[in-house]
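Trainee: Could you take one close look at how the helices pack here, and follow that packing into whatever lies around it? I'd like one connected walk-through, please.

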Amino acid sequence: MTDRIAGVMEGLALGAALGLLAAFLGEVRAPVPLLLALLVVGGLLGTFGTARRVFRVGCGLLVAVLSLTLLTPVLRGPLNALTLSQTPVPADAVVVLGGGVQCGTRALAPTSAARLARGLELWRAGYAPRLTVSEQSDVFSATCPKISGIMQAQVRALYPTAGPEVLKLRNVTTTRDEAARVRDLARAGGWTRVLLVTSPSHSRRAAALFRASGLTVTSVPADETLYDPTLPLPSDRLYALRTLLYEALSHVKAALGATPER
């Protein structure tokens with residue numbers, strides 16, 4: 001009886017650890033239900049000897065992978081493969097992709113702020129006369145402020161007069177939606193080229209989606225804000241692992257016919 005109780009407690013502990021890891025690495029939108037589910041599953045597996053041993057082996061393998069990731073910069077190569085950085089050239093518009101918003105504080109997420117800063121930098125350098133910003137749909141949250149509204153307000157505050165023309169891409173959920181909206185603007189306005197601004201790890205995939213829509217694109221990614229891409233610290237490597245998993249899942253979802261997230 002004592003061994004069974006110890007096994008259940010071990011399973012609960014491993015389930016809690018896996019839940020926390022999944023909530024962080026997968027950017028899970030409902031981590032509490034996931035954590036509860038893994039706690040229950042871990043407790044059940046800990047009840048039975050054979051299942052408990054299999055669970056231990058699986059967790060041991062996961063620890064080995066995480067150790068390699070955290071102790072070495074092994075993820076540099078995969079991260080570089082996701083990035084497409086090109087020299088900016090004159091274009092008709094700078095396309096600033098949406099990157100997230102803090103619903104509680106009603107502020108841009110760091111990724112969005114970095115993308116807007118890069119877009120304005122390109123405008124100030126004279127590469128394009130206008131910017132596009134994205135208005136996210138209500139698929140994920142109808143109560144969050146719109147990224148486009150915050151960006152437009154910031155541009156007006158910085159440049160009350162003689163600022164860039166700012167066009168809104170309405171009701172977008174995915175990068176594919178943003179590409180479709182820009183394609184329509186390009187056809188209506190006779191645009192021949194756009195500069196695409198997004199996060200480095202998203203840049204190659206985003207450029208491919210825009211080109212698939214028939215657009216001529218130059219990829220000029222913003223700075224990475226969540227971690228140092230040279231991966232000097234274990235914390236940088238952990239954030240990089242989350243980024244790689246996100247991009248990998250997006251490719252898998254797209255291959256299966258689902259709609260990939262931004």
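Mentor: Start with helix α7, residues 175–189, and helix α8, residues 200–212: they pack at an angle of about 45°, and their axes are 9 Å apart. Roughly parallel would need an angle under 35 degrees and roughly perpendicular would start at 65, so α7 is oblique to α8. Keep in mind that this is a predicted model. As for handedness, α7 passes α8 in a right-handed crossing. On the α7 side the residues involved are T175, R176, E178, A179 and V182, and they meet H202, A206, L209 and F210 of α8. Sort that contact by class and you get five nonpolar, two polar and two charged residues.

Now slide over to another helix pair. Helix α5 covers residues 110–124 and helix α6 covers residues 147–158; their packing angle is about 45°, with the axes 11 Å apart. That angle makes α5 and α6 oblique to each other, and α5 goes past α6 in a right-handed crossing. From α5 the contact uses S112, L116 and L120, while α6 brings I147, M151, Q154, V155 and L158. What's the class make-up of the contact of α5 with α6? There are six nonpolar and two polar residues, and no charged ones.

Some of those names come back once you look at the nonpolar interior. The largest nonpolar core has 22 residues, and L116 and M151 are among those with the most contacts inside it, along with V94, L108, L122, L131 and L195. Helices α5 and α6 each give two or more residues to this core, and so do the strands β1 (93–96), β4 (130–136) and β6 (194–197). The most comes from α5, with five residues. Apart from this core there's another one, of 18 residues, including L97, L196, A206 and V217. You've already met A206, on the α8 side of the contact with α7.

L116 deserves its own stop. If you leave aside its neighbours within four places in sequence, L116 is in contact with V96, L108, L131, M151, Q154 and V155. Of these, M151, Q154 and V155 belong to the α6 side of the helix contact, and L108, L131 and M151 are on the list of residues with the most contacts inside the largest core.

Stay on α5 a moment longer, since W123 is found there too. Is W123 buried or exposed? With a relative accessible area of 16%, W123 is buried, because the cut-off for that is under 20%. Not counting residues up to four places away in sequence, W123 touches A128, P129, R130, L131, Y159, A162, G163 and P164. Its C-alpha atom is 7.4 Å from that of V94, a residue 29 places away along the chain.

While you're checking geometry, two backbone angles are worth a look. Most residues other than glycine have a negative phi. R106, though, has a positive phi, near 60°, and it lies in the loop between β2 (101–102) and β3 (107–108). L231 has a positive phi of about 60° as well, and it isn't a glycine either; its place is in the loop between β7 (217–219) and α9 (234–255). Their surroundings contrast: R106 counts as exposed at 52% relative accessibility, whereas L231 is buried at 0%.

Zooming out, the protein has nine helices and seven strands. Of its 262 residues, 40% count as buried. Take the contacts between residues at least 6 apart in sequence, and 70% of them join residues at least 24 apart.

Terms used. Residues are numbered from 1 along each chain as its sequence is written. This is a predicted model: local features need pLDDT of at least 70, side-chain atom pairs count only at pLDDT 80 or more; totals for chains, interfaces and linings use all residues. Side-chain values use heavy atoms; hydrogens and water are left out. Axes are lines fitted to C-alpha atoms, for helices over the stretch in contact, and angles run from 0 to 180 degrees between N-to-C directions. Helices (H or I, at least four residues) and strands (E, at least two) are DSSP runs, numbered from the N terminus. Angles under 35 degrees count as roughly parallel, over 145 as roughly antiparallel, 65 to 115 as roughly perpendicular and the rest as oblique. A crossing is left-handed if the near helix is turned anticlockwise from the far one by less than a right angle, and right-handed if clockwise. Contact means heavy atoms within 4.5 Å. Ala, Val, Leu, Ile, Met, Phe, Trp, Tyr, Cys and Pro count as nonpolar, Asp, Glu, Lys and Arg as charged, and the others, Gly among them, as polar. A nonpolar core is a set of buried Ala, Val, Leu, Ile, Met, Phe, Trp, Tyr and Cys residues joined through side-chain atoms within 4.5 Å. Buried means under 20% relative accessible area, exposed over 50%, partly exposed in between (1.4 Å probe, protein chains only).
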